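Got your viewer open? Let's take a walk through this one together, one selection at a time.

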Amino acid sequence: MSGFVSIRNLHKSFGTFEALRGIDLEIAEGEVVCIIGPSGSGKSTLIRCINRLEEFSDDSEIRVADIPVAAGRTLAKVRAEVGMVFQSFNLFPHLTVRRNVMLAPMRVHKASVAEATERADKLLKRVGISEQADKYPGTLSGGQQQRVAIARALAMEPKVMLFDEPTSALDPEMVGEVLDVMKALAHTGVTMIVVTHEMGFARQVADRVVFMDAGEVVEIGTPDQIFGAPKQDRTRNFLSAVLNH
Amino acid sequence: MDIFETFFNVDVLLRTYPLLLKGLWVTVKLGAASIVVGLVFGLALALIRIYAKRPFRLLARIYIDIFRSIPLLVLLIIVYYALPFVGIRLSGFLSALTALSLVSAAYTAEIFRAGIEAIPKGQFEASGALGLSYRHMMADVILPQAIKIVIPPLTNNSINVIKDTALASVVAMPDLLKQATQAQALAANPSPLIGAAIIYIAFLWPLVAWVSRLERRFGGDTR
């Protein structure tokens, strides 16, 4: 059975380094999947392939809502369905917070200023940033910026949200506020694929957890299975390293 | 003869002042036209240089390197005195405009390229991930940020273009320098040349000061 996000035989190399060595992953609509693993294991590369921010080899296949993620015309279609949140926020520094959220709906969906404003304000309220709407991103804390970035991605009403280590660049005291927004989002039925080091979040929110190492999917299971009774040695070693400190 | 009478002869300056102003007007027109043409052509070149297909990228690069290497005076003389041999006969103004903007475009292209390449990769990725088209990405995200970076060097380049308009006197353009040398010949006194120098300085000094201020302001901008 093919999933809402369907990844088959995904290979990706940087020069001679094989970052992904044949990934197969099917993700159902509305599912929340967390991808964990040591750094350099290919987690980020994997989700960056889903909206083709990374090119991948021709014999690989990725489909989102049955649309092939191929270069060319259809890519815009896929990207309109797939929102992304980056480790380093990547807000547009020359636009106010509200304008950051309004830009894509106005340009891609041809929303009017009034519609875009209304939607932006609603989303900013949802992520708890209403008071900062007229400020510039540079004046916000990291946690606030990341919440704006989530609102900006949601403004396109994506069916899939990709999170690429969304809390890794944050000061510890700001991690919680971002995870809270993501938890709330997980209950809305949007498909979420989250690369994270936050094991607590993965355990609590994920429907399934994917453990990757050295460009391969080592193990997939429910959080209870992965954290409670990992089958593979590599998974066990990784978890004992990150959980016992 | 005292130095004031030779170089700062008020009588001569007053007599030749209207000529100099006429020359200034020609200089300003030529400078402004060259700057605008150079900007438009330079931005196009920069975009080709970064984003076009390989052969076009290479051509843009060759163009930029050639026109940054050739002395402006040499180019100007080629345009004015050599092109007529192949049937292209441009007026003094058009010759000067052509030479100035060809060279200005090459420098402008490099300035724009540096500006665009200074924008963090994440800005391009975020635009792409949101589904923005290339056109919207450039117009709404990349160029507005690049402009801030390129304004000081672009202003510097514009100052250079205005200064280089003085070379147009070689092709019989009645610009500020040409008028000054003519007035000097008529009055048998070099004061008009000093007058021209003062006008150049008075005209360009504010621009130079403005660039310094911009550089300080944007230089302190960290993000």
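Before you click anything, keep in mind that this is a predicted model.

**Stop 1: a helix in chain A.** Select residues 97-108 of chain A, which make up helix α3. Its buried residues are A:Val97, A:Asn100, A:Val101, A:Met102, A:Leu103, A:Ala104, A:Pro105 and A:Met106. What covers them? Show α4 (113-126) and α5 (142-154) of chain A, then add α7 (134-164) of chain B: the cover includes these three helices. Now step past the end of α3(A) to A:Lys110, where phi is positive, near 55°.

**Stop 2: the open sheet.** Next, bring up the six strands of chain A that run in the order β6-β7-β8-β3-β9-β10; they form an open sheet with mixed pairing. At its edges you'll find β6 (82-85) and β10 (216-221) of chain A, and each has a single partner strand, so one side of each is left without a neighbour in the sheet. Ignoring direction, neighbouring strands here are turned by 20° against each other on average.

Zoom in on β10(A) and strand β9 (residues 208-213) of chain A: they run antiparallel, joined by five bridges. To see one of the pairs, pick A:Val209 and its bridge partner in β10(A), A:Gly221.

Then add helix α1 (residues 43-50) of chain A, which lies across β3 (32-36), β6, β7 (160-164), β8 (191-195) and β9 of chain A. Against β7(A), this helix runs at about 150°.

**Stop 3: strand β4 and its partners.** Select residues 61-64 of chain A, which are strand β4. In a regular strand the side chains alternate between the two faces of the sheet. Which residues of β4(A) point to the buried face? A:Ile62 and A:Val64 do, while A:Glu61 and A:Arg63 point to the other face and are not buried.

Bring in strand β1 (residues 5-14) of chain A, which pairs with β4(A) in the antiparallel sense over four bridges. Here A:Val5 has A:Val64 as its bridge partner. Strand β5 (residues 67-68) of chain A also runs antiparallel to β4(A), with two bridges, and A:Pro68 stands opposite A:Arg63. The hairpin of β4(A) and β5(A) has two residues between the strands, and A:Ala65 takes a positive phi near 50°.

**Stop 4: the cysteines.** How many disulfides are there over all chains? A search of the whole structure finds zero. Select A:Cys34: the nearest cysteine sulfur, in A:Cys49, is 19 Å away, too far for a bond. Both residues are buried, A:Cys34 with a relative accessible area of 0% and A:Cys49 at 0% relative accessibility.

Key. Residues are numbered from 1 along each chain as its sequence is written. Chains are lettered from A and ligands numbered from 1 in the order in which they are written. This is a predicted model: local features need pLDDT of at least 70, side-chain atom pairs count only at pLDDT 80 or more; totals for chains, interfaces and linings use all residues. Side-chain values use heavy atoms; hydrogens and water are left out. Buried means under 20% relative accessible area, exposed over 50%, partly exposed in between (1.4 Å probe, protein chains only). Contact means heavy atoms within 4.5 Å. A disulfide is a pair of cysteine sulfur atoms within 2.5 Å. Two strands pair if DSSP finds at least two bridges between them. Axes are lines fitted to C-alpha atoms, for helices over the stretch in contact, and angles run from 0 to 180 degrees between N-to-C directions.
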